[in-house]
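Dear colleague,

I am passing on the structure we spoke about, with some notes on its charged side chains and its strands. Please read them with the structure open beside you.

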Amino acid sequence: MGSTFPKSRTRRVFPNSGPSRCLNVEGKIFFSVMARRLTQYLMTNKRLGDSDSSKALTGEAMKLLGNAAYGETLTNKSKHTDVSYCLGDNTFIDRSNFQLCGMDTDSLYLALSSDNLSDVVRPHLRLKFYSVYDQWFPSETCPAHKSTFISTE
């Protein structure tokens, strides 16, 4: 699946053209068609598993395949952040104030020693905690009033 260009005696350069440019377009068309076919195949088999209990395992497998493809190819990874865990006095919450209950591929379940997260934040790190709070949780205030929120918490 490629394009060929006839040779000529005079060499001319055409901007935005050439074999690699044509292959990119053909590749996009090819992968678009394949994605449509895969989606149709997964949906058909998932529905078959939903309607016929003897094919439930196939239906669940198709659901997992579809979710895996979606999660890997359509996730906006530009918003992902590298997280590093700190030991000692650099953590916002003392280790004695939480316990790991369970973990999944995209979730972490913790039990806190208090009803409120802000109650277990170390006092000397409260200002720093609230300055990055909106990067981890829904914002409590609008950007214009963030400094007031931090100073009153």
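Is Asp 50 buried or exposed? With a relative accessible area of 54%, Asp 50 is exposed, and I should add at once that this, like everything below, comes from a predicted model.

The partner of Asp 50 is Lys 46, and the two side chains meet in a salt bridge at 2.8 Å, N to O. Both residues belong to helix α1, which covers residues 19-51, and because they are four residues apart there, about one helical turn separates them. Lys 46 has a relative accessibility of 19% and counts as buried, since the cut-off for that class is under 20%; its partner Asp 50, by contrast, is exposed at 54%. The pair does not stand alone, for Lys 46, Asp 50 and Glu 60 are linked in a network of salt bridges.

In total, the count comes to four salt bridges, and two further ones deserve a description of their own.

One of them joins the side chains of Lys 55 and Asp 52, with an N to O distance of 3.6 Å. Here Lys 55 counts as partly exposed at 36% relative accessibility, and Asp 52, with a relative accessible area of 26%, is likewise partly exposed.

The other brings together the side chains of Asp 94 and Arg 122, at 3.0 Å from N to O. This pair links distant parts of the chain, 28 residues apart: Asp 94 lies in the loop between α2 (56-73) and β1 (98-103), whereas Arg 122 lies in the loop between β2 (108-112) and α3 (126-131). As for accessibility, Asp 94 is partly exposed, with a relative accessible area of 29%, while Arg 122 is buried, with a value of 12%.

The two strands named in that description, β1 and β2, also pair with each other, in the antiparallel sense and over five bridges. They form a hairpin in which four residues lie between the strands, and if you would like a position from which to follow the pairing, Gln 99 stands opposite Ala 111 in β2.

When you look through the model, I would suggest starting with the network of Lys 46, Asp 50 and Glu 60, then turning to the link between Asp 94 and Arg 122, and ending with the hairpin of β1 and β2.

With best wishes

Key: Residues numbered from 1 in each chain as written. Predicted model: local features only at pLDDT ≥ 70, side-chain atom pairs only at ≥ 80, totals over all residues. Heavy atoms only, no water. Buried < 20%, exposed > 50% of the residue type's maximum accessible area, 1.4 Å probe, protein only. Pairing = 2+ DSSP bridges.
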